[in-house]
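Student: I have a model open and want to read its sheet and helix packing. Where do I begin?

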Amino acid sequence: MRNFHHIGKATPRPDGPDKAAGKALYIHDLQRPGMLYGKIKFSDLPHARLKHIDTSKAERLPGVRAVITAKNTPEIRFGFLWDNLALKKDKVRQYRDEVAAVAAIDPETAAEAIDLIHVEYEPLPSVFSPHEALQEDAPLIHETDAQGRPRNHNILPLKYHHESGDSDKGKRAAKHIVEGEFSTPLVQQCCMGTAGCIAEFDMNHNLTIWAKTQIPFLAQRDFNRALTDMGLKDRNTRVIVPALGGGFGSGLDTHAYEYIAILLAFQTSQPVKIVYTRREEFAHLSPRQSSRTRIIQGCDPNGKLTFRKVEVLQDNGAYTSWGATYPSVMMMPATSLYHVPNITFDAKLVYTNNTYCQAMRGYGNPELTWALESNMDELAEEAGIDPFEFRMLNRNQPEETTPMGLKVSTCGLKECLETVALKLGWKSRINQGKNRGIGMASLIHVGGGGRIYRSDASGLLLKLDDFANVNVFHGGVEMGQGLHAVLIQSVAEALGVCPDKVFINPTDTGTCPWDVGTHASRGAFMAGNAAILAANKLRSKIFELAEELFPAEVEKNLKKHLKKNPDYMPPDFDIAKASRRDRFDLQEGYIFIKDAPSEPWLRMDLGRLIRAAHFRQQGQMLTAEAFYDPPNELPDFEKGLGNISSTYAFGAQGAEVEVDTETGEVKILRLVAAHDVGKVLNPPGLKGQIYGALAQGIGYALYEELQSKEGKIQNPDFRDYKIPRTHEMDFPIDLEFIETDDRFGPFGAKGVAEPGLVPTAPAIANAIYDAVGVRIRNLPITPEKVLSALQKLKTDGNQRLLP
Amino acid sequence: MKKTITFTLNGTQINVAADSDQTLLDILRGALCMTGTKEGCGEGECGACTVLVDDSAINACLYPAFEAAGKSVTTIEGIAGTRNRLSIIQQAFVDSGAIQCGFCTPGMILSTKALLDTQPDPSEAEIRKALSGNLCRCTGYVQIIEAVKKAAARWKEKS
């Protein structure tokens, strides 16, 4: 490991004090002069033709400035498959479909106006189960695709398939085989700050939008396309990202409410703000997809995995977002967690009349790992092998290439598993107590970007000012995860300045260089690498300038020094001769000659160099840019091949639980999380990422489910949708970071944002099984499910022996 | 019907017009433009809008504005000292890595203040109880609880 000045040290996040003082400005807090409030009228039915929309009463309400529907506005099409419209035209396909919208002088008037809009529908047969949506006679959600070509089924035209080796042969070679079906529910991101935006046009028809987004530049592209749809071709959108209030994937797409705010702003020539209420957020923003995974795995008599077959069916809901590409990530654990010689993977997504879904932290990986790691424990038991030993036996290795073509560089899975086993007391676990048990689960995730677009790049610009402040312009989004603290550390480290001289500018497409978006645990990885590239360029420029300016400046230093210390004898050192660009170094904001004697005057403050460069004839300014695109590949998802990330994060988590057999309640006694993070960049920030992910993993495992009844969300509030509170997190958590010093990572680091919740649910489920012998296959593991399984165990005998 | 109400806000007496159906949160974020207090749910379930009324932590989104008349209200804007100095609690949150997206932070800090004002040396169970009405989606609460402990310890050291 290298020695660092700033990397690995606790570095305060720059937005911390403002957030602590209530001064950080979220979309909810922003105001523009003359700003109107937009509100959306959502569909009253899950599937229906729109016959007539009567907006006359709403239009007459004092304070209303505009009422829009598909009839009186240009058509704006969006969505991953371009299957969605900002305002629905002919029919509605889900309860949350946007049929009309108003802009009014205050939120109350806007809400009142919405209630005055009357919609006539012709109800259509609906389908809410993905299995039923697959049937031949199922109602068609989309009769045509975006190009107008007829469709005759509800399956999305997206193929995800992988085949390596011969899984039938692998099955024949297996001595032990276990099959199971596992499901996961709809889950909401639950950002504490709800979704919203402010759209405003200038009189040149250029748009500024303050957006709660994780993809400012892709959003700019989407919105520019919308401007074209509105007859404003070649006009530009400037996307400004305020303090985010959480993202967790909810900002990976552009949303109908944003296009509606744009339409309303143009219609009224006034800024328009739309902010979702919590109920709207639950019922009208896209959650994580529900999934069903059928998995079958087998191993030989020695416990070596011989094959794996995985089939996934996902309920996509009525329209597509980028969430329709979840299987691109599911494919990764399905093909590459543990060494498996023969694999098939298939995923199918279907349209239904349920709420359409989008990205959420982990992006398919928690869903797939839930099935895979539960099944691993079942297979270990079938084979009579300890689950820890079973994982160790089949674990991934450094520098291997997996069947999907993932090129693993460093791999700390062995150390992670051993750490979890050690911390849980795995080998000495006897007499844990009645109804107590322990379990573990592993993970693989992208750790070096994730190429799901053609580009996986991140641009970064450094600009030095007169006072040697380093202004950083970067297009990645700080959503709370601590990106900007890591960016400050990275710039300070790579450039050779103090962190308090590094300033991160607000995220703004008008000023920041292009970045593909903050997702796939890529933020710190990309920003760090881009910072290193840009800093190296800037150092070259600084040293080039120093050749010319350094000797005279230190000469002045020496004179001053001599004035104070008349007896001082300067060392015999030819400064002019030594002032060569390749001999300079810059550390903590001072330029010096590497092999020069360490005299206090024989160095130069960076600010002086820059001032000298500015205040002269033919002066120059010092900036540097970098566009980092990691060495990974856009996989061929139909073949299931391609090195999607430049490095991979591994980890293992363990849980000890106690099950109350009277109530079915699961109490977590402790958690252990061991993660191969490559290199710890900012310890408090990293811990916060893993602690927070664990809480989301626990919510996923035990509590959270967005209940949908015939397409309607039944629990759109925090009373009925439970996320962990302080009481649910009341147990010791042991975090262990394995540093593998990855050659692709900035300073050796891998991405860490998502891995923390990937194996949590199966680790808990495996512990529950260890405790009371019931295997729950459908998340969340509610007391009702545990009780009913315990009941079944009593009547059916020992479930442990069943395949 | 709008009515002028008078109350003490962060130590200063103010008059503000309010409707009978408005909440204290509406008045703070609306008429008074004090956006430090956040609205996370509007239904008293998340604690993002926690403020102190006569030293008790309440959800401003449920608290009728008229009820505040004659009382003393403390918001996040009233917690920091002059000359941009963070209070002990705020600094402990910053130092403990207890802040991520920050949306729950003002409410967390006010709930912490209500706790430490009555119980300067709280047990972990008391801390968890005091913060049980404040939801956070980013941190898993671990570093928030550490921050409250740190604040209590620093307070003790100082007094």
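Tutor: We take the sheet, then the helices. Keep in mind that this is a predicted model.

Student: What is the strand order of the open sheet of 5 strands?

Tutor: Strands of a sheet pair through backbone hydrogen bonds, parallel or antiparallel. Here the order is β9-β17-β16-β15-β10 in chain A, and the pairing is mixed. Its edge strands are β9 (160-164) and β10 (176-184) of chain A, each paired on one side only. From one strand to the next, the twist averages 10 degrees.

Student: In which sense do β10(A) and β15 of chain A pair, and over how many bridges?

Tutor: Antiparallel, over 9 bridges; β15 of chain A spans residues 290-299. To find one bridge, start at A:E181: its partner in β15(A) is A:R294.

Student: Which helix packs on the sheet, touching β10 and β15 of chain A?

Tutor: Helix α10 of chain A, residues 365-383. Its direction makes about 150 degrees with that of β10(A).

Student: At what angle do helix α11 and helix α12 of chain A pack?

Tutor: About 170 degrees, with the axes 10 Å apart. Angles over 145 degrees count as roughly antiparallel. Therefore α11(A) and α12(A) are roughly antiparallel to each other. Locate α11 at residues 387-394 and α12 at residues 413-424 of chain A.

Student: Which residues make the contact?

Tutor: From α11(A), A:F388, A:R391 and A:M392; from α12(A), A:K414, A:L417 and A:A421. By class, the contact of α11(A) with α12(A) has 4 nonpolar residues, 2 charged and no polar.

Note on methods: Residues numbered from 1 in each chain as written. Chains lettered and ligands numbered in written order. Predicted model: local features only at pLDDT ≥ 70, side-chain atom pairs only at ≥ 80, totals over all residues. Pairing = 2+ DSSP bridges. Helix = DSSP H or I, 4+ residues; strand = E, 2+ residues; numbered from the N terminus. Axes fitted to C-alpha atoms, helices over the stretch in contact; angles between N-to-C directions. Contact = placed C-beta atoms within 7 Å. Parallel < 35°, antiparallel > 145°, perpendicular 65-115°, else oblique. Nonpolar A, V, L, I, M, F, W, Y, C, P; charged D, E, K, R; others polar.
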